[in-house]
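Here is a friendly walk through one model, from its sheet to its helices and a few unusual backbone spots. Please keep the sequence and the structure open while you read.

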Amino acid sequence: MLRQILVLGAGKSTAYLLDYLLEKAAEESLHITIADLQPQNIAAHIANHQACSVFGLDIFNIEERQKLVQKATLVISMLPASLHIQVAKDCVSFKKHLVTASYVSDELLGLNKQVKDNKLVFMNEIGLDPGIDHMSAMQVIDSIREKGGKMLLFESFTGGLVAPESDTNLWNYKFTWNPRNVVVAGQGGAAKFIQEGTYKYIPYNKLFRRTEFFNVEGFGRFEGYANRDSLKYREAYGLQDVLTLYRGTMRRVGFSKAWNMLVELGMTDDSYTIENSENMSYRAFTNLFLPYSPTDSVELKLRHYLKIDQDDVMWGKLLELHLFDDTKFITLKNGTPAQILQQILEQSWTLDKDDKDMIVMYHKFGYSLNGENKQIDSNMVALGKNQTHTAMAKTVGLPVAMAALLILNNKIKTYGVQIPITKEVYDPILKELQNFGIVFKEYNTEYKGYNSAKLHS
């Protein structure tokens, strides 16, 4: 008998997910139903596959949505995170398993008892970050604990970047994921983490000037800035006593310093709208954030304001974004500065058809074993094929698809609302991901900590 998988949403991150499920359809007795607001955008080789049905669906059409959920054995929601809760409630009502790549919300957690009572698996945070980061981290942390080691330090950084051969701009960056998330990254509260037993807080206006640096063999040097809340993983990872817990985002060296100019100007602000922004030139937009001068040009005012010289590489980066162009115009009505900046950046940073993206993940594990402090560094680099089959789509979509099959095949036996931090989830998925070139390289290295001689002698 065919097992029905309902996939809600067929956006950027679903190319590998759908290919994987359809390749397995015959041997695993699967039928895939894809429901999307714009079904016409689904690739022909997927839409016309004999094991696939495609429906146009407005997710707010409760009757149609519930009809599809009712027919499914398992539901994969690739919708925006805020919409998962509606789907989750349907899955509880009709007793269906659920898989998402998004963070677990408090609302979703509130369904945990009902999910367990109905013997259902609601697997979340099973994409890239969150997802592969959880699984690869817990595999190493568990192996350290099994040897009798005690965790002292855990750092984890992930970046969605552009592959070296497609790295064609001064920012060493192109959008590989939701551009809005990039523009407003770090807003909404101070970044918080713990270093050597001391809590650290970085306010948004300083976030991009406090960076860590990493070398990844074969790919050079990267920098990382802190994510908003590193501490929420203490409980999940069992790291309550750890001295250092720090999670962040990776970029090529120099990106953060340049991005900080846009923050200083106020271009990333999303808290107010600019009246009559439609048809405003990029130059006029830039001038909004600078003092009035009867004589000085916009360029001169900006260089003075940011204290940069015209031969500074930072100046070149701003020129490259056409911020002083009076022939390019904004099309947004009453946009926020952040929305307008996003539109400007999309002109320069969108992947071309043959561009390849790159995912870089870097973990550090510090631990003590038999009275000695040790460290493992672990990194993973995944490269995309093209604009559709991106490394981002691969690293988000494949773990989702693999988890769905493990649940259907009763290999994941723990019920409830959960994230992938147990052996029954991470062992098979990490092993299978290696077949797709998603491989972690581990290095035993000297434990450096931040002040290890004094604290751990």
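Does N279 count as buried or exposed? With 56% relative accessibility, N279 counts as exposed, where exposed means over 50% relative accessible area, buried under 20%, and partly exposed in between, using a 1.4 Å probe and protein chains only.

Before going further, note that this is a predicted model, in which local features need pLDDT of at least 70 and side-chain atom pairs count only at pLDDT 80 or more, while totals for chains, interfaces and linings use all residues. Residues are numbered from 1 along each chain as its sequence is written, and side-chain values use heavy atoms, with hydrogens and water left out.

**The sheet**

Let us begin with the strands. Helices (H or I, at least four residues) and strands (E, at least two) are DSSP runs numbered from the N terminus. An open sheet of 7 strands is arranged in the order β3-β2-β1-β4-β5-β6-β15, with parallel pairing. At its edges are β3 (52–56) and β15 (416–418), each of which pairs on one side only. From one strand to the next, the twist averages 15 degrees. Strands of a sheet pair through backbone hydrogen bonds, either parallel or antiparallel. Two strands are taken to pair if DSSP finds at least two bridges between them.

Three of these pairings are set out here, each with one pair of bridge partners.

| Strand pair | Bridges | Partners |
|---|---|---|
| β2 (residues 30–36) and β3 | 5 bridges, parallel | T33 and S53 |
| β1 (residues 3–8) and β4 | 4 bridges, parallel | V7 and I76 |
| β4 and β5 (residues 97–100) | 4 bridges, parallel | V75 and L98 |

Strand β4 (residues 74–77) deserves a closer look. From this strand, L74 and I76 point one way and V75 and S77 the other way, and all are buried.

Two helices lie across these strands. Helix α1 (residues 15–28) lies across β1, β2, β3 and β4 and runs at about 150 degrees to β2. Helix α4, in turn, lies across β1, β4, β5 and β6, running at about 160 degrees to β5. For such angles, axes are lines fitted to C-alpha atoms, for helices over the stretch in contact, and values run from 0 to 180 degrees between N-to-C directions.

**Two helix crossings**

How do α3 and α4 cross? The axes of α3 (residues 62–71) and α4 (residues 84–93) come within 10 Å and cross at roughly 50 degrees. That makes α3 oblique to α4; angles under 35 degrees count as roughly parallel, over 145 as roughly antiparallel, 65 to 115 as roughly perpendicular, and the rest as oblique. The crossing of α3 past α4 is right-handed, a term used if the near helix is turned clockwise from the far one by less than a right angle, with left-handed meaning anticlockwise. In this contact (heavy atoms within 4.5 Å), R65, Q66 and V69 of α3 meet Q86, D90 and C91 of α4. By class, the contact of α3 with α4 has 2 nonpolar, 2 polar and 2 charged residues. Here Ala, Val, Leu, Ile, Met, Phe, Trp, Tyr, Cys and Pro count as nonpolar, Asp, Glu, Lys and Arg as charged, and the others, Gly among them, as polar.The axes of α10 (255–265) and α13 (residues 313–320) come within 10 Å too, crossing at roughly 60 degrees. That makes α10 oblique to α13, and their crossing is right-handed. On the α10 side the contact is made by F255, K257, A258, M261 and L262, and on the α13 side by M314, K317 and L318. The residues of this contact of α10 with α13 divide into 6 nonpolar, no polar and 2 charged.

**Around α10**

How many residues of α10 are buried? The number is 9 of the 11, so α10 is largely enclosed by the rest of the structure. The buried residues of α10 include W259, N260 and V263. Among the elements covering the buried residues of α10 are β11 (220–226), β12 (244–252), α12 (298–306) and α14 (337–349). Following α10 is G266, whose phi is positive, near 100 degrees.

**Backbone details**

The loop between α10 and α11 (282–287) holds N276, and N279 also has its place in the loop between α10 and α11. N276 has a positive phi of about 55 degrees although it is not a glycine, and N279 has a positive phi of about 70 degrees, again without being a glycine. At 62% relative accessibility, N276 counts as exposed.

Elsewhere, a cis peptide bond joins D129 and P130, with omega about 15 degrees. P130 is found in the loop between β6 (121–123) and α7 (132–146).
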